[in-house]
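Subject: Structure handover

Hello,

Here is the structure you were going to look at, with its sequence. My notes on it follow below.

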Amino acid sequence: MVNMDSDLRNRVVRPTQRILTGRVVRFMDGYPREVRIGQPVLVAVLTAASVAGLLVMLVRAALSRAGGGARRTWKDLRKGPEFLVTPVRVRDDKGLLYEVELHGHLPQSAVHPSDWVQLTLRPQDVDLPPRIERIVNLTTGQLLTPRTATVWSHLGPPLLIQAVLGAVLVLLVAAAVVLT
């Protein structure tokens, strides 16, 4: 006969608390997940960047230089970057087994199975376990913050700089029109 208490302890549950302290049991196989990019953000950035892009195109035409970098398509920008999601199983001191998600990468030697950790968690969608915001490896004393790709890193510094220049240009033209 199987003891009901031991059967319940082996079940994986989702933590409801913000801080979870326990021993890392296992890192599951990771899989890619895409960052969602809101269309209004993308439209605003691309519109502002287009203004500066037109100015750059006019300067290039005046200097009669061919070239220009390869532009990413709307579809490529809209798709968003992918990041690694690794489900992690952690057992607390009461024997409960929890599943959380690690987004992004950590150094290979940062956390090992059997390390005692204190995890700061952030809730996600109802269907997903909470994700790890910060890890304090109590075994080694390391403080770790996993990093993932963001909308801004996906769009890239050149496009964002171009968007800022375009927005400044539009503001200067609008100020000139209002003042005259």
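There are 4 salt bridges in the structure. Please keep in mind while reading that this is a predicted model. I start with the charged pairs, then turn to confidence, and end with a few single residues.

**Salt bridges**

Side chains of opposite charge can pair when their charged atoms come close. One such pair is R18 and E133, whose closest N and O atoms are 3.0 Å apart. R18 sits in the loop between β1 (12-13) and β2 (19-27), while E133 is in strand β7 (residues 131-137), so this pair joins distant parts of the chain, 115 residues apart. R18 counts as partly exposed because its relative accessibility is 45%.

E133 also forms a salt bridge with R122, and here the closest N and O atoms are 2.6 Å apart. R122 belongs to strand β6 (residues 116-122) and E133 to strand β7, with their positions 11 residues apart in the count. R122 has a relative accessibility of 38%, which means that it counts as partly exposed. Which residues are linked in a network of salt bridges? They are R18, R122 and E133.

Another salt bridge joins E99 and R89, with the closest N and O atoms 3.1 Å apart. Here too the pair links distant parts of the chain: E99 is in strand β5 (residues 97-103) and R89 in strand β4 (residues 82-91), 10 residues apart.

**More on E99**

Is E99 buried or exposed? It is buried, because its relative accessibility is 18% and the cut-off for buried is under 20%. R89, its partner in the salt bridge, has a relative accessible area of 22% and is therefore partly exposed. The side chains of E99 and R89 also make a polar contact, at 3.1 Å. Leaving out residues up to four places away in sequence, E99 touches V12, V13, R14, P15, P87, V88, R89, P129 and P130.

**Confidence**

How far the predictor trusts each part is worth checking before you read details from the model. The average pLDDT of the protein is 80, and 80% of the residues score at least 70. Among the elements, β6 has the highest mean pLDDT (95) and helix α1 (residues 4-9) the lowest (45). The pLDDT is below 50 over residues 1-9, and this stretch has 5 contacts in the model beyond near neighbours in sequence. R122, from the network described above, lies in strand β6.

**Helices α4 and α5**

S153 is part of helix α4 (residues 151-155). With a relative accessibility of 46%, S153 counts as partly exposed, because buried means under 20% and exposed over 50%. Where S153 and P81 are concerned, sequence and space can be set side by side: they are 72 residues apart in sequence and 8.6 Å apart in space, from C-alpha to C-alpha.

V168 lies in helix α5 (residues 157-179). Its relative accessibility is 41%, so V168 counts as partly exposed. Together with V164 and L172, V168 forms a nonpolar patch on the surface, and the three have about 280 Å² of accessible area together.

That is what I have for now.

Regards

Methods
Residues are numbered from 1 along each chain as its sequence is written. Side-chain values use heavy atoms; hydrogens and water are left out. A salt bridge is a side-chain nitrogen of Lys or Arg within 4 Å of a carboxyl oxygen of Asp or Glu. Helices (H or I, at least four residues) and strands (E, at least two) are DSSP runs, numbered from the N terminus. Buried means under 20% relative accessible area, exposed over 50%, partly exposed in between (1.4 Å probe, protein chains only). pLDDT is the predictor's confidence in each residue, from 0 to 100. Contact means heavy atoms within 4.5 Å. Patches are made of residues with over 30% relative accessible area and no salt bridge: like charges are joined within 9 Å, nonpolar side chains (Val, Leu, Ile, Met, Phe, Trp, Tyr) within 5 Å. Accessible areas come from the Shrake-Rupley method with a 1.4 Å probe; for residues, only the protein chains shown count as cover. A polar contact is a pair of N or O atoms within 3.5 Å; within protein, one must be able to donate a hydrogen and the other to accept it, and residues adjacent in sequence count only if both atoms are side-chain atoms.
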